[in-house]
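Visitor: I should like to learn how to read the features of a protein model. May we go through one together?

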Amino acid sequence: MNKSELKPAAVFEQFAKINQIPRPSKREDKMIAYLKEWGESHGLPTNVDETGNVIIRKAATPGMENRKTVILQSHMDMVCDKLVDYEIDFDRDPIKTYIDGEWLTAEGTTLGADDGIGCAIELALLDADNIEHGPIECVFTRDEETGLTGAEGMKAGFMTGDFLINLDSEDEGEMFVSCAGGRNTTAKFSFTREEAPAGSFFLKGSLKGLVGGHSGDDINKQRANAIKLLGRFLFQTLNRYQNVRLAQFHSGKLHNAIPRDGYFVIAVPNDVKENVKADWNVFAADVEEEFHVADTQMVWAMESTDAEPVIEAQVARNFIYALQAVDNGIYAICQDPELNGLVETSSNIASVHSTENAIDILSSQRSNVMSNLDNMCATIQAVFQLAGAEAKSSDGYPAWKMRAHSDLQRIVIDSYKKLFHKDPIVRGIHAGLECGLFSERYPNLDMISFGPTLRYVHTPDERLHIPTVQMVWDHLLDVLKNIPAK
């Protein structure tokens, strides 16, 4: 297969154009301008709100004018991550894609199908003149990935439809009807640097090649977290040898991604350096066995490095103890039998970076039960506060609760059964969707989320399953035909 053979051609043509446009979260100005010019050049009513969300409206095809209005919604920003040794400027350079069997992926970076493929589906629909549909509103929100601030800033009345189809899901055949709420918890250890003890030998320990993934949708897959593994080794080393000093710790980039790589720099007494290296090798082998199913490509390295000032001993000790103690991963499973064992509450230690006088920590907590979300955030705060750090949690975003007796859900399910002769899976998702925020400002809006299959989102291994794009396209067009009258 080559790119000219991708189906549906209209969708993949739009996706190729989108991937030429830089659109990192919070820096989507070029994409906003592109969408505004695109809508206006096609003679379609187009508006941009004060937050930067874009809406493009299209009138019904003849004979469908009395149907209820459908909102199609996706987010325009993308997670920008890359392999350590891949060169790219995400503010200027395009995403380079290639076909790998039945999958579309990118060279050394995230693909941007989350949620560029949703945007492409909307633009293809707006561009078409042979599709039967009632009135539609295509909405493109900004900055979904780093706080859902586009949806947060959208005012009531910007959208006017009756039904909303969110195109930001990642498993074809799964229809999402609820999502988790989320908050971020940050911590800061402040310190003054000092000289390492005389006779110290400096070592740099690094880890890369972890699978990583989305901290919500992939948290149940038991993948390794680079921060927790590096912290675990430091805890073990600190308790085994005297005068081990921490100089640097760096791992993780994004609040919503499981960290895939990282490194630390430590100073150890010269007479135990070989012991520490041997311990590192044993630790690496043990961890590889521990994660032999979920993470099979770990790359460990330890080497000598230049001397530098170190972090205050007690602050470093408190930080390492806190990393060992802090919750990470699944905390609770949903009790509602209709949600089929969905993760209810979780936490992800997302990034840790040391500077000249501080260590900054970012973590994210998610839950379908808002009181348990508060409790999870309080637990994370307490660990870091007990260790002497400043810690606080953000306001976050709300959960989207499943709607009883949903007309849209019935239409979508019936259409799927008719087209594919099987039942779709109807479930909640542990990731955050903008539907939670929409439900606050549009309490009567009937919503559902579906999309083509994506894997390894938020990582440079992100890939889109090509055949499922056609399936979602066919499904969406059939749903639009069957929207009821007002």
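Guide: The following turns take up a sheet, salt bridges and cysteines.

Guide: This is a predicted model, in which local features need pLDDT of at least 70 and side-chain atom pairs count only at pLDDT 80 or more, while totals for chains, interfaces and linings use all residues. Residues are numbered from 1 along each chain as its sequence is written, and side-chain values use heavy atoms, with hydrogens and water left out.

Visitor: In what order do the four strands of the open sheet lie?

Guide: Strands of a sheet pair through backbone hydrogen bonds, in either a parallel or an antiparallel way. Helices (H or I, at least four residues) and strands (E, at least two) are DSSP runs, numbered from the N terminus; two strands pair if DSSP finds at least two bridges between them. Here the order is S4-S5-S23-S22, with antiparallel pairing. Strand S4 (97-100) and strand S22 (454-455) are the edge strands, each pairing on one side only. Strand S5 (residues 103-106) pairs with strand S23 (residues 463-465) over three bridges, and Thr105 stands opposite Arg463 in S23.

Visitor: Which side chain meets that of Arg463 in a salt bridge?

Guide: A salt bridge is a side-chain nitrogen of Lys or Arg within 4 Å of a carboxyl oxygen of Asp or Glu. By this rule there are 25 salt bridges. The partner of Arg463 is Asp100, at 3.4 Å from N to O. This pair links strand S23 with strand S4, 363 residues apart.

Visitor: Is Arg463 buried or exposed?

Guide: Buried means under 20% relative accessible area, exposed over 50%, and partly exposed in between (1.4 Å probe, protein chains only). Arg463 counts as buried because its relative accessibility is 19%, whereas Asp100, at 37%, is partly exposed.

Visitor: What distance separates the closest N and O atoms of Arg245 and Glu194?

Guide: These atoms are 2.5 Å apart, and the two residues form a salt bridge. Arg245 is in strand S12 (residues 245-251), and Glu194 is in the loop between strand S9 (181-190) and strand S10 (200-208). Arg245 is buried, with a relative accessible area of 9%; Glu194 is partly exposed, at 33%.

Visitor: How many disulfides does the count give?

Guide: A disulfide is a pair of cysteine sulfur atoms within 2.5 Å. The count is zero.

Visitor: Why does Cys334 have no bond to Cys179?

Guide: The closest cysteine sulfur to that of Cys334 is in Cys179, 11 Å away, so the two are too far apart for a bond. Cys377 is likewise in no disulfide, its nearest cysteine sulfur, that of Cys179, being 15 Å away.
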